[in-house]
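Q: Please take a close look at the interior of this model. I would like one connected account, with the criteria stated wherever a term depends on them.

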Amino acid sequence: MAKQKEIKTNAMRILESMKIPFAHYTYECEEFVDGIQIADQLGLPHEKVYKTLVTIGNSKNYFVFVIPIAEELDLKAAAKSVGEKSVEMIHVKDINAITGYVRGGCTAVGMKKQYVTRIDSSAEHMEKIIVSGGRIGSQLELAPADLARAARAEFADIVRH
């Protein structure tokens, strides 16, 4: 029996081309489930797993925020971190058109366009964090500084306290 070829996502190809080391986890999943369910399924600590959120600012530009799965995005702090008056979450049906990814498989690396991206400052001093691998059923573990480099992101205080 032929060994099943691992499906590489755009995010993985970009990380490899930048020589950024990462670990890849896969899980069985037919449809969107939230990050907490995924972390539990993979036996991962919640504080180490981050979700990727896409917003639109009052300038009509899109912004990407990467925050811990159990946290909520502070829209005021997020807007301030990207120099906008306000930002709001995009509609779920627009995720694919804007990012090239599907809901539950959205990651900050390798979107259709390079959007201004912020990673919550809680990640900055962690050895590794886990983010979506660019499709449902795929997670990537890498150093936060490497994620920031690959996504051209900055760290900012963007979760609700």
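A: The account below begins with the enclosed space and moves outward to the strands, an aromatic pair and two loops. The model is predicted, so local features need pLDDT of at least 70 and side-chain atom pairs count only at pLDDT 80 or more, while totals for chains, interfaces and linings use all residues. Residues are numbered from 1 along each chain as its sequence is written, and side-chain values use heavy atoms, without hydrogens and water.

One cavity of 30 Å³ or more is counted (on a 1 Å grid over the protein atoms alone, points where a 1.4 Å probe fits but cannot get out; lining residues have an atom within 4 Å of a point). The largest cavity holds about 30 Å³ of space (the volume filled by probe spheres set on the points, which are joined across faces, edges and corners). Its lining consists of Ala11, Leu15, Thr107, Val109, Val131, Ser132, Leu140, Leu142 and Leu147. At least two of the lining residues come from each of helix 1, strand 6 (129-132) and strand 7 (DSSP runs numbered from the N terminus, helices H or I of at least four residues, strands E of at least two).

Among the lining residues, Leu15 belongs to helix 1, residues 10-17, and is buried at a relative accessible area of 1% (buried is under 20%, exposed over 50%, partly exposed in between, with a 1.4 Å probe and protein chains only). Leaving aside residues up to four places away in sequence, Leu15 touches Ile20, Phe22, Leu140, Leu142 and Ala150 (heavy atoms within 4.5 Å). The C-alpha atom of Leu15 is also separated by 8.7 Å from that of Asp146, although the two residues are 131 residues apart along the chain.

Strand 7, residues 138-142, also contains Gln139, which counts as buried at 4% relative accessibility. With residues up to four places away in sequence again left out, the contacts of Gln139 include Ala23, His24, Tyr25 and Tyr27, as well as Ile38, Leu42 and Val49. Ile130, Val131, Ser132 and Gly133 are touched by Gln139 as well, and Val131 and Ser132 are also listed in the cavity lining.

Strand 5, residues 116-120, is largely enclosed by the rest of the structure, because four of its five residues are buried. Strand 3 and strand 5 run parallel and are joined by four bridges (strands pair if DSSP finds at least two bridges), with Val66 standing opposite Ile119 of strand 5. Strand 5 also pairs in the parallel sense with strand 8, again over four bridges, and here the bridge partner of Asp120 is Ala156 in strand 8.

The structure holds one aromatic pair. It is formed by Tyr62 and Tyr115 in an edge-to-face arrangement, 5.7 Å centre to centre with 75° between the planes (ring centres of Phe, Tyr or the six-membered ring of Trp within 6.5 Å; under 30 degrees stacked, over 60 edge-to-face, the rest tilted). Because Tyr62 lies in strand 3 and Tyr115 in the loop between helix 4 (95-99) and strand 5, the pair ties together parts that are 53 residues apart in sequence. Tyr62 is partly exposed, with a relative accessible area of 27%, whereas Tyr115 is buried at 10%.

Two loop residues complete the picture. Lys60, in the loop between strand 2 (50-57) and strand 3 (62-68), has a positive phi near 75° although it is not a glycine, and is exposed with a relative accessible area of 62%. Arg152, also not a glycine, has a positive phi of about 50°; its loop runs between helix 5 (144-151) and strand 8 (153-156), and Arg152 is exposed at 62% relative accessibility.

Key: 1 Å grid on protein atoms, 1.4 Å probe; cavity = no way out; pocket = protein on both sides within 12 Å on 5 of 7 lines; lining within 4 Å.
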